[in-house]
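Got the viewer open? Let's take a walk through this one, selecting a few pieces at a time.

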Amino acid sequence: MTTTTALQTRDIKPRIGTEIRSDKATLLSGEHAGRIRELLEQRGVLVFPQIGFTDDEQIAFTETLGTFAPEHQGEKLYKVSLDTEVNKQADYLKGSLYWHIDGTMNEVPILASLLQSVALGNPEEGDTEFCNTYAAYDDLSDEDKADIDGLRVMHSAWNTLFYYDPEPSAKTLRRMMAIGDRELPLVWTHQSGRKSLVLGATARHIVDVDFRKSAELLVRLRDWATQSDFTYRHKWTVGDLVIWDNTGTMHRATPYDPTSGRLLQRTKLEGEEPFA
């Protein structure tokens, strides 16, 4: 464990995840925001066990780390629940059960999400898994890196629909297709010079590559990126706050009963660099 003034940090796994223990006042002061951002970029996922922020405190803490990104309707907190009584967009969240990066339909994806558990249902359900796509790229063979250099992938929000609804109605498909499509690099070269893989459930096909070869490569790279060395699975307790670098990780929720009462609250940081 490393102690820096009022921050105690412990790496959870060698390639991903760091636990940070501190008090609310220290975190809300913003004094350590630079260090927290450094750790986020280096480690992909930061866990603040049972910090128990109030709604206003979660918003305030988010604002210490960068530019706050409100939701589509301007609200600052987003309720993450599969219960349509709690979240009217719950059906759209079914796609969150599969590996993905948030914002692949946007030119500039969000930098990070901050998720805090408010209530839990069955403790054996609804964990959140993360994988480090920086580390996954770094550990590819030189041959694999050469093979995928310069490849472009078509990402489509509607592609996720077929993960959870293999026979959607035409109306549902058209609604999802209206969200759009975007061509992105398979390898993202960041402003820092580091590289990460851009994969996930929105990745539909590799441009100008045979369909079978495209599917095989995308699935092989997803399997590679989500192997144990690069992944961390968070089992929630009430009050936990988890931050992940959306530009260098993928994430997914494990299945849970929509009526279980599981409720998480999310805040976000605006993106600072486009896919490149």
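Helices (H or I, at least four residues) and strands (E, at least two) are DSSP runs here, numbered from the N terminus. This is a predicted model, where local features need pLDDT of at least 70 and side-chain atom pairs count only at pLDDT 80 or more, while totals for chains, interfaces and linings use all residues. Residues are numbered from 1 along each chain as its sequence is written, and side-chain values use heavy atoms, with hydrogens and water left out.

Start by selecting residues 9-267. UniProt, in an unreviewed entry, places the feature "domain: TauD/TfdA-like" there; its positions are given in the numbering used here, feature names are shortened, and annotations may be inferred rather than shown by experiment. The span is 26% helix and 26% strand, and its end C-alpha atoms lie 22 Å apart.

Next, pick out S14, S8 and S16. They make an open three-stranded sheet in the order S14-S8-S16, with antiparallel pairing (two strands pair if DSSP finds at least two bridges between them). S14 (231-234) and S16 sit at the edges, each pairing on one side only. From one strand to the next, the twist averages 15 degrees (axes are lines fitted to C-alpha atoms, for helices over the stretch in contact, and angles run from 0 to 180 degrees between N-to-C directions). Between S8 (residues 128-132) and S16 there are five bridges, and Cys131 stands opposite Met250 in S16.

Stay on S16 (residues 249-253) and click Thr249. Is Thr249 buried or exposed? Thr249 is buried, with a relative accessible area of 0% (buried means under 20%, exposed over 50%, partly exposed in between, using a 1.4 Å probe and protein chains only). Beyond its neighbours within four places in sequence, Thr249 is in contact with residues including Gly44, Ile101 and Trp244 (contact means heavy atoms within 4.5 Å). Show Asp245 too: its backbone oxygen lies 2.8 Å from a polar atom of the Thr249 side chain.

Now for the other sheet on our route: select S10, S9 and S13. This open sheet runs in the order S10-S9-S13, again with antiparallel pairing. Its edge strands are S10 (181-185) and S13 (203-206), and its twist averages 30 degrees from one strand to the next. S9 (residues 152-156) pairs with S10 over five bridges; in S10, Glu183 is the bridge partner of Met154. Add helix H8 (residues 211-225), which lies across S9 and S13 at about 125 degrees to S13.

Time for some charges. Side chains of opposite charge can pair when their charged atoms come close. A salt bridge here is a side-chain nitrogen of Lys or Arg within 4 Å of a carboxyl oxygen of Asp or Glu, and the count comes to 21.

- Select Glu272 and Arg37: their salt bridge is 2.8 Å, N to O. Glu272 is in the segment after S17 and Arg37 in helix H2 (residues 33-43), 235 residues apart.
- Try Lys24 and Glu57, whose closest N and O atoms are 2.9 Å apart. Lys24 is partly exposed, at 27% relative accessibility.
- Show Asp127, Glu129, Arg233, Lys235 and Arg252 together to see a network of salt bridges.

Last stop: Arg266, in strand S17 (residues 263-269). Arg266 is buried, at 15% relative accessible area. Which residue's side chain is joined to that of Arg266 by a polar contact of 2.9 Å? Light up Glu71 (a polar contact is a pair of N or O atoms within 3.5 Å; within protein, one must be able to donate a hydrogen and the other to accept it, and residues adjacent in sequence count only if both atoms are side-chain atoms).
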